[in-house]
Amino acid sequence: LGPSFIISGNPKALGHEADLPEEDRKSIQAKLRAGLAADDIPRFLGYYEAKLAKSGTGFFVGAKPTIADCDVFATLRMVKTGFVDGLPPALVDSKPLVAAFYQRMMDLPAVREHYAAK
């Protein structure tokens with residue numbers, strides 16, 4: 001996800017001119033995100049699905065949430081809520097164990113309370 005965010009604020013960091021026109025930035029960003037939606041995110045969701053299947057607990061490491069689960073959840077939430085333009089929220093639901101993990105995390109009282117307050 002990083003480069004698709006960086007291009008809008010600091011194109012020079014990605015090898016472009018610092019004064020790259022906004023229209024060009026948005027075009028590059030759209031292409032980066034299309035690639036993410038078509039290839040990278042589905043591939044990572046496949047890794048996540050396999051890891052969840054292997055753990056058998058519904059979490060990535062152990063029988064209860066860890067920092068690893070929180071990290072993955074935060075990224076999934078950015079996609080699932082539509083926070084990132086060009087990434088279909090339905091991507092998260094394309095893998096049943098990942099979708100169940102997302103809901104399991106959302107059902108944790110502290111997580112539910114946190115997002116209810118926003």
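# Briefing on a predicted five-helix chain

Asp 40 and Arg 43 are both placed in helix 2, three residues apart, which is about one turn of the helix. The two residues form a salt bridge, and the closest N and O atoms of the pair are 3.2 Å apart. The model in which this pair is found is predicted, and its protein chain has five helices and zero strands. The points below begin with the chain as a whole, then turn to the salt bridges, the largest pocket and a few individual residues.

**The chain as a whole**

- Read along the sequence, the protein chain follows the pattern α-α-α-α-α, and its C-alpha atoms fill a box of roughly 50 × 30 × 20 Å when this is taken along the principal axes.
- The protein chain has 118 residues, and buried residues make up 28% of them.
- Of the contacts in the protein chain with a separation of 6 or more, 57% are accounted for by residues that stand 24 or more positions apart.

**Confidence of the prediction**

- The mean pLDDT of the protein chain is 94, and 100% of its residues reach a value of 70 or more.
- Among the elements of the protein chain, the lowest mean pLDDT, 90, belongs to helix 1 (residues 2–9), whereas the highest, 98, belongs to helix 4.

**Salt bridges**

- The structure holds two salt bridges, one of them being the pair within helix 2 that is formed by Asp 40 and Arg 43.
- Asp 40 has a relative accessibility of 28% and therefore counts as partly exposed, and Arg 43 is likewise partly exposed, with a relative accessible area of 38%.
- Asp 93 forms a salt bridge with Lys 80, and in this pair the closest N and O atoms are 2.8 Å apart.
- Because Asp 93 lies in the loop between helix 3 and helix 4 (96–106) while Lys 80 lies in helix 3, this pair ties together parts that are 13 residues apart in sequence.
- Asp 93 counts as partly exposed at 41% relative accessibility, and Lys 80 is also partly exposed, its relative accessible area being 26%.

**The largest pocket**

- About 220 Å³ of space lies in the largest pocket, and the residues that line this pocket include Leu 1, Leu 36, Asp 40, Ile 41 and Phe 44.
- The lining of the largest pocket also includes Leu 45, Tyr 48, Thr 75, Leu 76, Val 79 and Val 92.
- Helix 2 (22–55) and helix 3 (67–80) each supply at least two residues of this lining, and the largest share, six residues, comes from helix 2.
- Sorted by class, the lining of the largest pocket has nine nonpolar residues, one polar residue and one charged residue.
- Asp 40 thus appears in two of these topics, since Asp 40 is among the residues that line the largest pocket and also forms the salt bridge with Arg 43.

**Residues of helix 3 and helix 4**

- Ala 74 is found in helix 3, where it counts as partly exposed because its relative accessibility is 39%.
- Although Ala 74 and Tyr 102 are 28 residues apart in sequence, their C-alpha atoms are 9.5 Å apart in space.
- Ala 100 lies in helix 4 and, at 32% relative accessibility, counts as partly exposed.
- Ala 100 and Val 72 are 28 residues apart in sequence, and the distance between them in space, C-alpha to C-alpha, is 13 Å.

**Helix 1 and the loop before helix 3**

- Gly 2 is found in helix 1 and is partly exposed, with a relative accessible area of 35%.
- Between Gly 2 and Leu 32 there is a separation of 30 residues in sequence and of 9.9 Å in space, C-alpha to C-alpha.
- Pro 65 lies in the loop between helix 2 and helix 3, and its relative accessibility of 33% is why Pro 65 counts as partly exposed.
- Leaving aside the neighbours within four places in sequence, Pro 65 is in contact with Phe 59, Met 105 and Leu 108.
- The C-alpha atoms of Pro 65 and Arg 104 are separated by 9.7 Å, while the two residues are 39 residues apart along the chain.

Key
Residues numbered from 1 in each chain as written. Predicted model: local features only at pLDDT ≥ 70, side-chain atom pairs only at ≥ 80, totals over all residues. Heavy atoms only, no water. 1 Å grid on protein atoms, 1.4 Å probe; cavity = no way out; pocket = protein on both sides within 12 Å on 5 of 7 lines; lining within 4 Å. Points joined across faces, edges and corners; volume = space filled by probe spheres on them. Helix = DSSP H or I, 4+ residues; strand = E, 2+ residues; numbered from the N terminus. Nonpolar A, V, L, I, M, F, W, Y, C, P; charged D, E, K, R; others polar. Salt bridge = Lys/Arg side-chain N within 4 Å of Asp/Glu carboxyl O. Buried < 20%, exposed > 50% of the residue type's maximum accessible area, 1.4 Å probe, protein only. pLDDT = per-residue confidence, 0-100. Contact = heavy atoms within 4.5 Å.
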